[in-house]
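I opened my notebook to set down, step by step, what I looked up in this structure.

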Amino acid sequence: MAVRDIISLLVLAGIWGGSFIFMRVAAPEFGIYVLVAIRTLLATAVLLPLLLIRGSVREIKHHWFAIALVGMANTAVPFVLFNYSSLHLEAGVNAILNATAPMFGAIVAWLWLGDKLNKSAIAGLFVGFIGVTVISQQKLGEGEVSFLPILTALLATTGYGIAACMMKKWLQGVKPLVVATGSQAMASVMLAPFALATLPEAMPSANAWMNAVALAVGGTGIAYILYFKLIADIGPAKAITVAYLVPLFGIIWGVLFLQEHLSLQTIVGGLMILFGVALTTGVLKRKRLKVKPA
């Protein structure tokens, strides 16, 4: 990869790692549904002009039902679930649990699309889920957190896995920017009734507003643009490696800005998850060298 691409990858990981900080700060004041609605609306406002410039808005209408399902599985439901877990878990822990998405994607693809799971992938799933167990045991042992926030974070990443399979099955060939913009817009429509029914009684503080805007514009709108540019420049296989950097930045931002303290047991569990994801996605798989005859 060129230096420019490496910088883009680090910036993207930093933004997505910061998203868990933004949720942690803004969710208590806005509420779960209102914050997600603000996030999806502002993200749509960032992405829609680009789609208009490229003249691809009609593609949303053509694939509206599939895009709506992706919007529910990849945006509306996971964002709500992560907002809930952010009320109870540290940003660093949520960033670590977010890394399980490729594992659930592999399981859903095996069950639904018939994709094969080799021995390396099965071993990766086993190691990854042991890592989740290690983190869960640590949080439950503290006595302050129930298993429910951990479960909601895992259900959120399961939604990401389901959405990935939906896109593979129904939206192959559709431009990623079309799916991103359409799914954010559709999610905004789905969330509107819940957001209106749960409006906060008091106006959120300026700090909460800044974090909400940063979450929407940076963590969703700008991040999507960066991600799609990376896919175009270096390919999806290399672009997806951002998933391994997000937990690192989530932990760093949590320590720097929220004075979070992650235990050694949580960090060990996180490393096991990342190692399991690497095995599941084939990152650690050695390529066989083919020797051509002279």
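My entries below cover confidence, the nonpolar core and one pocket.

I noted that this is a predicted model, in which local features need pLDDT of at least 70, side-chain atom pairs count only at pLDDT 80 or more, and totals for chains, interfaces and linings use all residues. I number residues from 1 along each chain as its sequence is written, and side-chain values use heavy atoms, with hydrogens and water left out.

**Confidence.** I found that pLDDT (the predictor's confidence in each residue, from 0 to 100) averages 91 for the protein, and that 95% of the residues score at least 70. Over residues 286–294 pLDDT stays under 50, and the model has zero contacts (heavy atoms within 4.5 Å) beyond four places in sequence for them. Where pLDDT is low, the predicted coordinates should not be read in detail.

**Core.** I looked next at the largest nonpolar core (buried Ala, Val, Leu, Ile, Met, Phe, Trp, Tyr and Cys residues joined through side-chain atoms within 4.5 Å, buried being under 20% relative accessible area with a 1.4 Å probe, protein chains only). Of its 80 residues, Leu12, Trp16, Phe30 and Val242 touch the most other members. Helix H1 (residues 3–30) gives the largest share of this core, eleven residues. Leaving out residues up to four places away in sequence, I listed Gly219, Ala223, Tyr224, Tyr227, Val242 and Val246 as touching Trp16.

**Pocket.** What lines the second largest pocket? I recorded Leu50, Arg54, Lys175, Pro176, Leu177, Ile225, Phe228 and Lys229, a pocket being an open set of points on a 1 Å grid over the protein atoms alone, where a 1.4 Å probe fits, with protein on both sides within 12 Å along at least five of seven lines, and lining residues having an atom within 4 Å of a point. Helix H10 gives the most to this lining, with three residues.

Methods: Helix = DSSP H or I, 4+ residues; strand = E, 2+ residues; numbered from the N terminus. Buried < 20%, exposed > 50% of the residue type's maximum accessible area, 1.4 Å probe, protein only.
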